[in-house]
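User: I should like to learn how to read the features of a structure that is new to me. Could you guide me through this one?

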Amino acid sequence: MSTSANRGAFIVFEGCDKSGKSTQCSLLVERLNRDGISAQLLKFPDRTTTIGKMIDSYLQQSCQLEDHSIHLLFAANRWEAMPKMNELLNSGVTLVVDRYSFSGVAFSSAKPELSMEWCREPERGLLRPDRVFYLTVGAEVASQRGDFGAERYEKKDFQAKVATMFDKLKDDSWTVINADKAVTELSNEIFEHAMNVINSAQTEKLGKLWL
Ligand code: NYM
Ligand code: MG
């Protein structure tokens, strides 16, 4: 008798704004579901919760929040999702997550007064992804994708700082994917990577982040 059913994989997409994460997350979930693999798309920040609504108004520049306090809200927005994510993963659903703690640390620590160490602290103990797909695009391709929007952080100089922070956070659980290519070609490549993660996650225990 098997002691536990296969769990789902926890896959995170990270990258700067305009790297194509959201498109690729949706395509991956559609493809997995079409192939009979139970998968669900999640996104951080989750702007639908009470905390998420505060984050949303901060990002839309309709309110000002102190830098430490908005950082803690982003982290709290992940903590509040943990029970549901844990349950889904353990019931065999693969989670494809558009941004996670790495965005949390990279964006906040790109601000001069917040250190990377301080930023990591409230993220410690969250579920650890099985793999992070880090999408990179050259400055030229990013600019061809149109202007940044009007949200906070959507500025070229700030994004460059965020990119250097992502580079510091990278470890061997990250797969760096050059996203300077056609959408379909990229999504096929990502699907192959995802299948490997899904297969190997079945026999591995879910971990905790930065403990
Ligand atoms: N962001 C996202 C943070 O500053 N901290 C976080 O913890 C997360 C998850 O919010 N510019 C930033 C990155 C984005 C912005 O994300 C909203 P999106 O994926 O553009 O909706
Ligand atoms: Mg954005």
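User: How many disulfides does the count come to?

Analyst: Please note at the outset that this is a predicted model. A disulfide requires a pair of cysteine sulfur atoms within 2.5 Å. By this rule, the count here is zero disulfides. Cys16 illustrates the reasoning: its closest cysteine sulfur, in Cys25, is 15 Å away, which is too far for a bond. Cys63 is likewise in no disulfide, since the nearest cysteine sulfur, that of Cys119, is 18 Å away.

User: Are Cys16 and Cys63 buried or partly exposed?

Analyst: A residue counts as buried under 20% relative accessible area. Cys16 has a relative accessible area of 15%, so Cys16 is buried. Cys63, with 26%, is partly exposed.

User: How should one describe the packing of helix 1 and helix 9, and at what angle do their axes cross?

Analyst: Two packed helices are described by the angle between their axes and the distance between the axes. In this model, the axes of helix 1 (residues 21–34) and helix 9 (residues 183–201) come within 10 Å and cross at roughly 60 degrees. The two helices are therefore oblique to each other. The crossing in which helix 1 passes helix 9 is right-handed. Helix 1 contributes Thr23, Gln24, Leu27, Leu28, Arg31 and Leu32 to the contact, while the residues from helix 9 include Val183, Leu186 and Phe191. By character, the residues of this contact divide into ten nonpolar, four polar and one charged.

User: Which residues does Gln24 touch, leaving aside those up to four places away in sequence?

Analyst: Gln24 lies in helix 1. With those neighbours in sequence set aside, Gln24 touches Phe13, Leu135, Val183, Leu186, Ser187 and Ile190. Its relative accessible area is 2%, so Gln24 is buried.

User: Which residues other than glycine have a positive phi, among them Lys18?

Analyst: Two examples may be read from the backbone. Phi of Lys18 is near 80 degrees, and Lys18 is placed in the loop between strand 1 (10–14) and helix 1. Arg99 has a phi near 75 degrees, also a positive value in a residue other than glycine. Arg99 is in the loop between strand 3 (94–98) and helix 5 (101–109). Lys18 is partly exposed at 29% relative accessible area, whereas Arg99 counts as buried at 11%.

User: Is the peptide bond from Phe44 to Pro45 cis or trans?

Analyst: That peptide bond is cis, with omega near 0 degrees. Pro45 belongs to the loop between strand 2 (39–43) and helix 2 (50–59).

How values were computed:
Residues numbered from 1 in each chain as written. Chains lettered and ligands numbered in written order. Predicted model: local features only at pLDDT ≥ 70, side-chain atom pairs only at ≥ 80, totals over all residues. Heavy atoms only, no water. Axes fitted to C-alpha atoms, helices over the stretch in contact; angles between N-to-C directions. Helix = DSSP H or I, 4+ residues; strand = E, 2+ residues; numbered from the N terminus. Parallel < 35°, antiparallel > 145°, perpendicular 65-115°, else oblique. Left-handed = near helix turned anticlockwise from the far one by under 90°. Contact = heavy atoms within 4.5 Å. Nonpolar A, V, L, I, M, F, W, Y, C, P; charged D, E, K, R; others polar. Buried < 20%, exposed > 50% of the residue type's maximum accessible area, 1.4 Å probe, protein only.
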